[in-house]
Amino acid sequence: MFSKSLLLSLPLISGAFAATAEDWRKRSIYELVTDRFARTDGSTTAPCNTGDRVFCGGTWQGLTNHLDYIKNMGFTAVWISPITMQIYGNTHSGEAYHGYWPKDYYQLNPNFGTADDLKNLVKALHDRDMYLMVDLVVNHYASWGDEDIQWSQYVPFNDQKYFHNKCWINWNNQQSIEDCWMGDGYVPLPDLDTENDYVVSTLEKYVGELVSNYSIDGLRLDATKNIRKDFWPGFCSAAGVYCQGEVWTANVDQFCPWQDYMAGLHNYPMHDYTVSAFSWHKGDVNALANTLNALTNQCADVGLLGSFTENHDNPRMGSVTNDLSQRKSLAAMTILSGNGIPIVYYGQEQIFDAKKDPDNREALWLSGYATGGDKLYDYFAQLNGLRNWLVWNIPEGDYLTAKPSYSVYDTHTLVASKGVTKVLVSNMGASVDGSVATSGWSAGEDLVDALNCNTYTADSQGKATISMKLSLPAAVLPKSSLGGSGICGL
């Protein structure tokens, strides 16, 4: 825990750890709920009933002790829950274990550990060449009930004049989304007046010092859509690191303009259409391809969006399909679709199957941190291993910054083309074998499917038919691109 005076008195550390959007473009992110990932005592049996909505004991020290579990899957960044002091006690809606009910921006959440614990986590990440992304709430505070809000408890905005007047959000009206309150009469979330110059300047000073004092590499910005667009450029500039915002809409026309105000966004259009397309064999792959191509054409830079298929607010993939091939297809879409920075939610590798909050915020320690068997741990390691090789060893224009394009083959298979790679993903499920005729290769070029290690040779017209046994994903590229990688023995 630290005080406002301590935070504000610490010197700024000039950009030594500041990670830019271009730095983050190369990363692959593992998202976790701090309270549910690992305990300091290392227990794998401590109970955690998600329906109780209470703290279960996860800490920064526990996370530090299990970083290799994450690193060995090939992830190069970790996104943790908000770190600030919360309202405490068991409300009508449970406790603030998730971190989205702030009370004091200038103190850390003592349930997660001390300032030294957080700094030790950052050092352990940086020692592994991994980044830290911190979830940050600047849209609101939280209260016990809305009849007699104790404004003086809020730090640094300890007066009602710093907040919008109470009204409940109409989610069909953007002005209401920005000006009114989330939550309810049991746990209302008083909405900060981010049109107030003092509020804006204080938030900008705060975020710059927070990032500097803890060497934070990037920020995930909660409820981005709930604050006016033109607030965010100054805020992210003051932070000095890559920002990725939560703009929850599947409408590409509404979504892409937000990228003019911050570098990164959670790719909700991709999420919604991908889950719909690959959770069963009748999913609409055409609609997905059209959406992904629209994102490429309309967003400022799809390579800086965050690609995901599950998170703390959405159903787990284990709940939308029982088919292993479809689950692997969803994993491959997250890591290799070419539509941004991959984000995998903790427990996806364990095939957790909860449908929604609060059940999708399970204690990972109860899995025993399993790394083999019928889980997806090794598969994520394989997917990340390929992407990391391409990111760090292929010329940027041939992969990292190449614009992706998408087409549909036989109504069930998406072909994602990005630079030297073609990723093939089918929704048919493990009961069906498939094949896809690809083109655009050099005549006679030797090719390899880096996920299944099948080899091919393009014909004189640059075509090659790729096998998809059990409808499993394939990632095809020239053999020469993998020389020295160790992938498929190359």
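## Two helices and a pocket

In helix α15, the buried residues (under 20% relative accessible area with a 1.4 Å probe, protein chains only) are Tyr377, Tyr379, Phe380, Leu383, Asn384, Leu386, Arg387, Asn388, Trp389, Leu390 and Val391. This is a predicted model, so local features need pLDDT of at least 70 and side-chain atom pairs count only at pLDDT 80 or more, while totals for chains, interfaces and linings use all residues. Residues are numbered from 1 along each chain as its sequence is written, and side-chain values use heavy atoms, leaving out hydrogens and water.

**Helix α15**
- α15 covers residues 377-393 and reaches 24 Å from first C-alpha to last, close to the 24 Å expected (1.5 Å times one less than the number of residues).
- Its buried residues pack against α5 (67-71), α14 (324-336), β12 (341-345), β15 (421-426) and β20 (474-478), with contact meaning heavy atoms within 4.5 Å.

**Helix α8**
- 13 of the 18 residues in α8 are buried, so the rest of the structure largely encloses this helix.
- The end C-alpha atoms of α8 (residues 197-214) sit 26 Å apart, which agrees with the 26 Å that its 18 residues should span.
- At the start of α8, a side-chain oxygen of asparagine 196 comes within 2.8 Å of the backbone nitrogen of tyrosine 198.
- Right after α8 comes serine 215, with a positive phi near 50 degrees.

Conventions: Helix = DSSP H or I, 4+ residues; strand = E, 2+ residues; numbered from the N terminus. Buried < 20%, exposed > 50% of the residue type's maximum accessible area, 1.4 Å probe, protein only. Polar contact = N/O pair within 3.5 Å; in protein donor to acceptor, adjacent residues only side chain to side chain.
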